[in-house]
Structures are given as C-alpha cells and as structure tokens.
Amino acid sequence: MATILKDTSRTFSEYLLIPRLTRKSQTADGVDLTTPLSAVESNQLPRFSINVPVVSACMQAVSGTKLSIALARSGGLSFIFCSQPIDEQAEMVRQVKMHKAGFVRSDTNTTPDAKLGEVIELMNRSGHSTVPVTSDGSATGKLLGLITDQDFWEFEDDLNNRVSQHMTPREEVIYGDDGISLRGANQLLHQHKKDCLPILDASGNLVALVFKKDYEDHQRHPMELLDDSKRLCVGAAINTHDYRERVPALIEAGADCLCFDSSDGFTEYQMEGMSWIRQQYGNQVVVGGGNVVSAEGFDYLVENHLVDFIKVGMGGGSICITREQKGIGRGQASALLDVVERRDEYFRDTGRYIPICSDGGLANDTQIVIALAMGADFVMMGRYFAMTEESPTPKTSINGQMYKPYWGEGTRRAQNWQRYSDGMSSRRMMFEEGVDAYVPLVGPLSEVMETTLYKLRSTMVNVGADSLSEFRERAILTMVSEQSVVEAGTSTVFQFSSNRELDRLD
C-alpha cells in the first residue's frame, strides 16, 4: 500500500512568530538582508550573493527586461523566463547587462527625416521625452542630434515637419567620450545643467545615454545588485530539453545565475542537465535546481556537489493548479520545513551549505517573513511582481480599477510545453497546470519592495536578529488555530473608510 505521512500538509498562514528579546542597540535600518545564492563551501565565502532575499519567478508575465532592471536596482534578482526562443531570451539578458548601472542603451531613436508626428508617437509609446537622432535611426548609429519634448509644441507645430527642423544639432550637443566613468558623466551633466548626456565612440557613433534622473535614482537605491564591472545582475531560466544550446548563449550574454525551471526537479533529466553544465563550465556558473518538496528530493539534487541552490514548492502558486489537476504536491510550509531540516543535517555532516529558495505559496508580506524564518534563504514570487508597473504585461482598466494580466507557465497561453514534458516526443500540452487571471496594479516595484523589506527588518528586530542567518536560528514558530485567526483580525470593530463617515457620526 502507499506510504502515508503522519504530518499534515501545512501552509504559511498556519504559523506565527514568537517575539524574542529586542536589544536597545537594534534598529530596522541596521538589519543585514544579504543572502547567498551559490553553495557555500566550508570556511569559504559564497561565490554569488544577493542584497535582499527576493527573486522573481521565471514567468512570461513577470520577469521581463524592465522588471529585471528594477529588481536588481532594489537589491534582488530576476530570472528571465525560458519559454521563448534562445536568441530572444539571451537578448533580454544582454539588455539588462547593458544598462550598466547608469549607462543606458537607447531604445528610442529616430532619423532627421522622420516626421514630428512620428516622434511624438514614439515618445508616447516608450514614455521617453528625449530621443537621439542618428544617421540610421538605430541605437548605435552616428549621432546627428537630440530632440526632446521641449523642442516643439505638439498642438501648435506642424506635425509633418521633419525632425531636423526641431532637433538640437550634434554641434550643440554636450556629450561624453566612450570609456568615461559614471562619475565623470554625471559631473558633465551637472556642469552643463543637462538632463541627458549621449556617450559617443571615436567615430561619433552613439554608445549609451546617461540621465540626470538616473543619478538621482541611484542615490535612492544604495542596495543595487551589481557585478564586478558595475553592471546590474540578472538570472535566467533554463529547461532540460535545449540546455546544450541555451546555456552557452545565456552565459555569453552575461547571465550571472541560472536555474532549471521545472514543476518537478526530482528527475534524471535535471541531473543530466546539471552534470553537463558542470562538465562544460565547472563551478564558474551558479546554477539552481528544483522544484522539490521533500528531503528525498533534496538528497537527490545535492549528489556529486552539482547544485548551488534548490527551489522548494509544488502547486502553491496563486495561478498554479497542479495539485487539483494531478493530486501531487505539498503544502508550502510543510515542504519547506522538511527540506530545510535535511539541508541543515547535510550542512552539519559535510560543511557544505545549500541555499534554499521558497517558490510559491506567498500571499502577503507576512508569509514572506514566515518563509524566511522557517529557513528559506530567499523567496521566489510571481504574482507579487506581476502587479507592479515594471512587469511586462499591459495595463487594463476593469470597472475603473487598473489591472494587469497574469498567467502561469503551465497554461496554453504560455506555450511552455518543455516545463511539463516528461521526455516524450510529443510537444502537445494535454492539460493545463495553470490559469489565466488579472491582478490589481499596485505601483512601482521600488515602493512595493520598500514596504515589504521594512516589515521584514522590523520583524527581525522583534526576534532580536541582525541578519537572516541569525533570524533562522532565533525564530520560534507556533501553530495558529481558527479562533486565533479571528482574534487577530478586525471583525469585532466597525472600520470607517473615510473621515466623512466619522463626521456624519458627530
């Protein structure tokens, strides 16, 4: 007969943290949220770490170029989805790396012969108010001038006029030479009171743009996750079918970290893929495996020291229906606790520490805190990021409220047969393991993350922890009953939605 586990499949909402002693010297601002992404060998530093314990899911509706840049600037890491052609994924990685923490590749360009109306349409579509004018209209053509929204009056000027009639010509443009430091570029912006500085090579071709607003933005983002060349960091997802072609392309594009994107990582396919990567690249590539939900799955993936980190979770995502469709999976809290316990035993036995990623099942900020207290080194989320301004899906108005579409990688819309294929030659998706949905727009990623991370730091202070590792060691968790959930809510008081309601009672 089947083996029946005695424990119940638990979720994060069934637990609360018990407060510990808070020292007078502790403040939320002093809490260190740095966490490793690579395996940590005995008495060595991790090869790769992130500044905050948050990564975005490998999903079409989540991890696009814009969100990857925004998340890296907030200290986290995105994993650009692999359910797309190899060259397109590699190009997305390349665009993030080319952002270069201040040096931006121009994605909005025009020619001197273009009509003014075309430039206005381009500005409206891209959201940019400064457009380089190049000889061929490309991001690397010879710079001929700049045109901004200050160079014309949309409702007064003839929109059939040529760009050349309104642009600032090249001779009057302040620019920087290729190779200039970011500090030097910002000094030029300050000295000449400009908002945009083109960077040109020796032949006068456009290389990048530096913006005053980016300098100000950098000052507001001291946690930026940068590589040794001061470029933003980005991860990329891979699958078990075309990794021999996909991995080299992603590494060449500059990906800092890879992870297998699979609903079930406890397979020989993933072990073969991991072995091939290590044979080709040794330990120079940081690569994660998963997903698993048991100690047995953890043991399999850590064989032969191949994996850097392991993702835990199956069926816990808000748009995932694997458990309903196949009757397989596990409550996210139970899965995480089981794997973390085995990880800690493995560390005591071998001296090798494997970071754990809790993937899915996180409905709010509180559950992110609980996941980290339970032993996760970082969390992977989809819906959380799909709701932000920077996610790659378009805004949609529904009954006056702004929403964004959100769909799982297990839907027919994603066409991600590789993630769920069992190795058979057929590429037809027989049934879906995800759904299509809409999520409310909540605002810029930086603002959402700021609130989440402050809550996390505040809770860590309540537990008397100054770092994530200390948080895991000091955390004491208790189960909650249905009545304690009621007690914690606001069901026994009347909440006013505005001051006007209070005024009516006076």
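**Exercise 1. The residue after helix α4**

Is K193 buried or exposed, and what is its relative accessible area? Describe its backbone and its surroundings as well.

*Solution.* The model is a predicted one, in which local features need pLDDT of at least 70 and side-chain atom pairs count only at pLDDT 80 or more, whereas totals for chains, interfaces and linings use all residues. Residues are numbered from 1 along each chain as its sequence is written, and side-chain values use heavy atoms, with hydrogens and water left out.

Step 1. K193 has a relative accessible area of 77% and is therefore exposed, where buried stands for under 20% relative accessible area, exposed for over 50% and partly exposed for what lies in between (1.4 Å probe, protein chains only).

Step 2. K193 sits in the loop between α4 and β10 (196-200); helices (H or I, at least four residues) and strands (E, at least two) are DSSP runs, numbered from the N terminus.

Step 3. The phi of K193 is near 55 degrees, which is a positive value in a residue other than glycine.

Step 4. In the preceding helix α4 (residues 182-192), by contrast, G184, A185, N186, L188 and L189 are buried.

**Exercise 2. Two further backbone features**

Find where H305 lies and what its phi is, and then locate the cis peptide bond that involves N291.

*Solution.* Step 1. H305 belongs to the loop between α8 (295-301) and β15 (309-312), and its phi, near 55 degrees, is positive although the residue is not glycine.

Step 2. H305 counts as partly exposed because its relative accessibility is 42%.

Step 3. The cis peptide bond joins G290 and N291, with omega at about 10 degrees, and N291 is found in strand β14 (residues 287-292).

**Exercise 3. The nonpolar cores**

Identify the residues with the most contacts inside the largest nonpolar core, and follow one of them outwards.

*Solution.* Step 1. A nonpolar core is a set of buried Ala, Val, Leu, Ile, Met, Phe, Trp, Tyr and Cys residues joined through side-chain atoms within 4.5 Å. The largest one has 108 residues, and those with the most contacts inside it are L77, F79, F385 and F471.

Step 2. Helix α14 (residues 445-462) provides the largest share of this core, namely 7 residues.

Step 3. F471, if its neighbours within four places in sequence are left aside, is in contact (heavy atoms within 4.5 Å) with L17, V369, L372, A373, L456, T459, M460, V463 and A465.

Step 4. A second, separate core has 12 residues, among them A114, L116, I120 and L122.

Step 5. In soluble globular proteins, nonpolar side chains tend to be buried together.

**Exercise 4. Helix α1 and its residue L71**

Work out how L71 is placed, and then how helix α1 packs against helix α2.

*Solution.* Step 1. L71 lies in helix α1 (residues 65-73), and with a relative accessible area of 0% it is buried.

Step 2. Apart from neighbours within four places in sequence, L71 is in contact with V54, V55, S56, G76, L77, S78, F385, L445 and M449. L71 and L225 are 154 residues apart in sequence, yet 8.6 Å apart in space, C-alpha to C-alpha.

Step 3. The axes of α1 and helix α2 (residues 86-98) come within 9 Å and cross at roughly 40 degrees; such axes are lines fitted to C-alpha atoms, for helices over the stretch in contact, and angles run from 0 to 180 degrees between N-to-C directions.

Step 4. The two helices are therefore oblique, given that angles under 35 degrees count as roughly parallel, over 145 as roughly antiparallel, 65 to 115 as roughly perpendicular and the rest as oblique.

Step 5. T65, S68 and I69 of α1 make the contact with M92, Q95 and V96 of α2.

**Exercise 5. Helices α6 and α7**

Which residues of α6 meet which residues of α7, and at what angle do the helices pack?

*Solution.* Step 1. Helix α6 (residues 243-253) and helix α7 (residues 268-281) have axes 11 Å apart and pack at an angle of about 45 degrees, so α6 and α7 are oblique to each other.

Step 2. On the α6 side Y243, R244, V247, P248 and I251 take part, and they meet E272, G273, W276, I277 and Y281 in α7.
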